[in-house]
Amino acid sequence: MTVQHIATHQDTILHQRAKPVTAFDRQLSKLASDMMDTMMASDGVGIAAPQIHSSLALFIIASRPNVRYPDAPEMAPQVMVNPKIISASEESVMGEEGCLSLPGTRLIIARHQWVEVQYQDLQGQDHQQVLEGFVARIFQHELDHLHGVTLLERVRLTGQPLESKPC
């Protein structure tokens with residue numbers, strides 16, 4: 001088990017656009033494994049490569065009930081390489097989000113109710129699927145990290161009032 005140091009809001013890497021993955025090799029698999037260990041040790045439901053100081057377009061979504069999200073649905077972890085949204089619901093829903101890079105902060109954020117996404121797996125195989133509800137929220141949150149956007153910027157970008165809730 002290799003738990004990495006999680007970047008915080010002050011770290012420059014969280015404000016940069018991640019680079020596309022071009023090499024599907026052992027190094028990429030090791031990075032994904034380290035991300036998984038770090039996410040699980042931190043009770044996260046998702047983690048993006050920039051959060052462990054790697055500027056690559058890679059994240060994991062892994063909804064499951066835990067201390068931070070007791071009502072989260074259960075799903076097998078999914079590693080998503082070079083992910084993107086290809087379509088999304090017009091309607092958005094407000095929901096509470098936290099972030100491993102902003103410890104102790106919970107914000108109410110508007111997200112699409114569902115998203116149709118494309119991504120590659122660790123072997124470079126293409127996938128496409130529709131994600132809904134909380135899992136769609138995790139995907140959108142992690143995709144923001146790959147675009148250099150944190151929850152604080154998301155609130156500023158959408159003009160939402162900064163509504164914080166204690167953890």
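Here is a walk through the structure, from its overall build to a few individual residues.

The model you have in front of you is a predicted one. The protein holds three helices and eight strands. Read from the N terminus, the order of the elements is α-β-β-β-β-β-β-β-α-α-β. A run of strands thus follows the opening helix, with two helices and a strand at the end of the list.

Let us look at the overall dimensions next. Along the principal axes, the C-alpha atoms fill a box of roughly 45 × 35 × 30 Å. The radius of gyration is 15 Å, and because a compact globule with 167 residues would come out near 15 Å, the two values agree. Buried residues make up 50% of the 167 residues. The accessible surface comes to about 8200 Å², and carbon and sulfur atoms contribute 52% of that area. As for charge, there are 13 positive and 19 negative charges, and their mean positions lie 5 Å apart. The contact pattern is worth a look too: among contacts with a separation of 6 or more, 64% are between residues 24 or more positions apart.

Now to the strands, beginning with β1 and β2. These two run antiparallel and are joined by three bridges. Within this pairing, A48 stands opposite F59 of β2. Strand β2 also pairs with β3, again antiparallel, this time through four bridges. Here I61 stands opposite Q78 of β3. So β2 has pairing partners in both β1 and β3, as follows from the bridges that define a pair.

What covers the two faces of β2? In a regular strand, side chains alternate between the two faces of the sheet. In β2, L58 and I60 sit on one side while F59 and I61 sit on the other, and all of them are buried, leaving both faces covered.

From β3 the pairing continues to β6. Strand β3 spans residues 78-88, and five bridges join it to β6, residues 114-120, in an antiparallel arrangement. One pair of bridge partners here is V81 and Q120. Strand β6 is joined in turn to β7, residues 126-132, by seven bridges, and these strands are antiparallel as well. Across that pairing, V117 has Q129 as its bridge partner. The hairpin of β6 and β7 has five residues between the strands, and in it G124 takes a positive phi near 90°.

That glycine brings us to two other residues with a positive phi. H53 has a phi of about 70° although it is not a glycine. Where is H53 found? H53 belongs to the loop between β1 (46-48) and β2 (58-61). Its relative accessibility is 38%, so H53 counts as partly exposed. N82 is another non-glycine residue with a positive phi, in this case near 50°. N82 lies in strand β3, and with 22% relative accessibility N82 counts as partly exposed, because the buried class ends at 20%.

Finally, three residues let us compare surroundings. Is T12 buried or exposed? T12 is placed in the segment before α1 (26-41), and T12 counts as exposed because its relative accessible area is 54%. From T12 to M94, the C-alpha distance is 28 Å, with their positions 82 residues apart in sequence.

G44 is found in the loop between α1 and β1. The relative accessible area of G44 is 0%, so G44 is buried. Beyond its neighbours within four places in sequence, G44 is in contact with M39, A62, R64, N66, R68 and L100. G98 is 54 residues away from G44 in sequence, and the C-alpha atoms of the two are 9.1 Å apart.

I47 lies in strand β1 and is buried, because its relative accessible area is 0%. Setting aside neighbours within four places in sequence, I47 is in contact with M35, T38, M39, I52, F59, I60, L100 and E142. Among these, F59 and I60 are residues of β2 that are themselves buried. I47 and F134 are 87 residues apart in sequence, with 15 Å between their C-alpha atoms.

Technical notes. Residues numbered from 1 in each chain as written. Predicted model: local features only at pLDDT ≥ 70, side-chain atom pairs only at ≥ 80, totals over all residues. Heavy atoms only, no water. Buried < 20%, exposed > 50% of the residue type's maximum accessible area, 1.4 Å probe, protein only. Rg over C-alpha atoms; globule rule 2.2 N^0.38 Å. Contact = heavy atoms within 4.5 Å. Areas by Shrake-Rupley, 256 points an atom, 1.4 Å probe, with all protein chains shown as cover. Lys, Arg positive; Asp, Glu negative; His and termini not counted. Charge placed at Lys NZ, Arg CZ, Asp CG, Glu CD.
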